Structure formats: structure tokens, C-alpha cells
Amino acid sequence: MILNKETAQKTAALLLQINAIKLQPQKPFTWASGWKSPIYCDNRITLSYPTIRNYIRENLAKQIEELYGRPEMIAGVATGAIGIGALVADYLNVPFCYVRPEAKGHGRQNKIEGHLEHNTKVVVVEDLISTGKSSLLAVEALKEAEANIKGMIAIFSYGFDIAEENFKNADISLNTLSNYEMLLKEAERSNYINASEAALLSEWRKAPDTWGISV
């Protein structure tokens with residue numbers, strides 16, 4: 001879910017501008033999962049552009065306060081959301097922690113890095129939502145630490161049905177600055193892609209696990 005269409009459009013435009021999102025319908029990428037994809041998203045690139053990272057930081061913070069009020073802590077999901085999560089926490093002047101995909105194999109073997117007290121009101125920050133699996137594993141780790149999870153907010157979502165189902169089953173609210181639908185509209189409006197490429201990209205989102213596989 002996106003709260004503000006103007007923000008969603010501008011976020012999509014900024015991500016395209018710095019190639020944080022690349023669209024290559026004629027020369028698809030291969031994800032780690034093996035899926036063939038006409039899109040590749042790396043929102044960590046935003047950290048290298050002060051004006052853009054500040055825009056994202058401030059709008060994530062604004063959405064968090066609109067949705068949940070001021071949280072007691074921001075938790076970033078490693079590794080992609082550590083940077084932006086820390087920036088949001090700094091902007092809101094609240095504590096920050098981040099959640100590893102798995103516990104360290106040495107030292108204190110932490111999965112959550114930072115000081116988190118029981119029943120702390122936490123909003124989780126992500127950079128990107130695909131299926132939502134890794135994001136929700138971070139939520140589970142925080143719940144195991146007895147955090148009070150208010151919800152999750154991310155920069156961008158592909159809008160897969162499986163992600164919506166996963167978040168619904170986990171009873172976790174998800175909101176994003178922008179999403180795939182808004183991205184395609186902005187990419188076509190700005191002539192980044194043409195109408196036929198937009199149609200191809202729309203087809204991919206309907207069945208990303210089988211798209212581009214020859215039968």
C-alpha cells in the first residue's frame with residue numbers, strides 16, 4: 001500500500017534517475033532465486049546521493065508517524081536497509097537496531113544488533129519487498145526478542161501476490177513509498193520504456209517465477 005501518489009511517482013522517478021532500478025525487458029537479469037527478471041532493484045545506491053537519500057529518509061519518517069505515531073525504535077533489515085533505517089531513526093531521533101538474516105557464528109552470536117528492551121514499540125524498515133520472506137524472518141526475530149511490532153515500511157515493492165499473502169498471514173501491515181505499478185507509469189511517462197515494453201513488464205509481474213522460461 002502507498003499513502004501518497006505524488007510521493008510514489010517522485011520516488012520512482014528518482015530511483016530510475018540514478019539507476020537504482022534498471023529495466024531491461026529485452027535483456028533480462030537472473031535473480032539469485034533463478035527467476036528471469038526484466039527489472040533489477042538496488043536501493044542501496046540511494047545512499048550515495050545525499051539529496052535523494054534525504055528525500056527518502058524524510059518521507060519514510062513522515063509515513064511512519066502518519067501510520068503509527070512516533071515509534072520507540074526503528075529496526076533495519078540487513079543488509080539493504082541498515083543504512084536507510086539508521087537515517088530514518090536519526091531523523092526521528094529514536095534508537096536504532098538491525099536484524100541479521102542469521103545469528104553470527106562467533107562472539108555473542110547476535111541476530112539483532114543494538115539494544116532492544118522487551119515490549120519496545122518497533123517499526124521495521126526495509127529497502128525492497130519481493131516475496132516478503134526475508135523481511136518477515138526479521139520480524140519473527142524481533143518478536144522472539146519480545147518487541148512490539150507496529151508495522152513495516154519499505155522504499156519499494158514489486159507487488160507480488162505472494163508477498164501480500166505472506167504479510168496478511170503474518171498479520172503485519174506493510175506500506176511502501178512506491179511500487180511496481182507506479183514505476184511502470186513513471187518509466188513510460190518519461191520515455192524510459194515504450195508501450196510495448198511496459199506491457200511486457202506488466203506480464204512479468206503476473207508470473208515472475210515462470211516468465212522467460214521456454215516451454
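# Charged pairs, cysteines and a cavity

Arg189 is exposed, with a relative accessible area of 53%. The cut-off for that label is over 50%, so 53% qualifies Arg189 as exposed. The model is predicted, and every value here is computed from it.

Start with the partner of Arg189. The Arg189 side chain meets that of Glu186 in a salt bridge, at 2.8 Å from N to O. Where do Glu186 and Arg189 sit? They lie in helix H6, which spans residues 180-189. They are 3 residues apart there, which means a separation of about one helical turn. Glu186 has a relative accessibility of 5%. Anything under 20% is called buried, so Glu186 falls in that class. This salt bridge therefore joins a buried Glu186 to an exposed Arg189.

How many salt bridges does the structure hold? The count is 7. The general idea is simple: side chains of opposite charge can pair when their charged atoms come close.

Next, look at Glu113. This residue is found in strand E7. Its side chain forms a salt bridge with Arg100, with an N to O distance of 2.9 Å. The pair links distant parts of the chain, 13 residues apart. Glu113 belongs to strand E7 (residues 112-113), while Arg100 lies in the loop between strand E6 (96-99) and E7. Is Glu113 buried or exposed? At 13% relative accessibility, Glu113 counts as buried. Arg100 is partly exposed, at 23%.

Glu113 has polar contacts as well. The side chains of Glu113 and Arg100 make one at 2.9 Å. Another, at 3.3 Å, joins the side chains of Glu113 and Asn110.

Now turn to Arg57 and Glu58. They form a salt bridge, and their closest N and O atoms are 3.3 Å apart. The cut-off for a salt bridge is 4 Å, so this pair is counted. Arg57 is buried, with 14% relative accessible area. Glu58 is partly exposed, at 33%. Here the Arg is the buried partner, and the Glu is partly exposed.

The cysteines come next. How many disulfides are there? The count comes to 0. A disulfide needs two cysteine sulfur atoms within 2.5 Å, so no cysteine pair meets that limit. Cys41 is buried, at 9% relative accessible area. Cys97 is buried too, at 1%.

What empty space is left inside? A general point helps: rolling a probe the size of a water molecule over the atoms shows where empty space is left. The structure holds 1 cavity of 30 Å³ or more. The largest cavity has a volume of about 30 Å³. Which residues line the largest cavity? They are Asn43, Arg44, Thr46, Leu47, Gly80, Ile84, Asp127 and Ile155. By class, the lining has 3 nonpolar, 3 polar and 2 charged residues. Gly counts as polar, so Gly80 belongs to the polar group in this lining. Arg and Asp count as charged, so Arg44 and Asp127 make up the charged group.

Finish with Gly212. Where is Gly212? It is found in the segment after helix H7 (195-206). Gly212 is exposed, at 54% relative accessibility. Its C-alpha atom is separated by 29 Å from that of Asn169. Along the chain, Gly212 and Asn169 are 43 residues apart.

Technical notes
Residues are numbered from 1 along each chain as its sequence is written. This is a predicted model: local features need pLDDT of at least 70, side-chain atom pairs count only at pLDDT 80 or more; totals for chains, interfaces and linings use all residues. Side-chain values use heavy atoms; hydrogens and water are left out. Buried means under 20% relative accessible area, exposed over 50%, partly exposed in between (1.4 Å probe, protein chains only). Helices (H or I, at least four residues) and strands (E, at least two) are DSSP runs, numbered from the N terminus. A polar contact is a pair of N or O atoms within 3.5 Å; within protein, one must be able to donate a hydrogen and the other to accept it, and residues adjacent in sequence count only if both atoms are side-chain atoms. On a 1 Å grid over the protein atoms alone, a cavity is a set of points where a 1.4 Å probe fits but cannot get out, and a pocket is an open set with protein on both sides within 12 Å along at least five of seven lines; lining residues have an atom within 4 Å of a point. Grid points are joined across faces, edges and corners, and a volume is the space filled by probe spheres set on the points.
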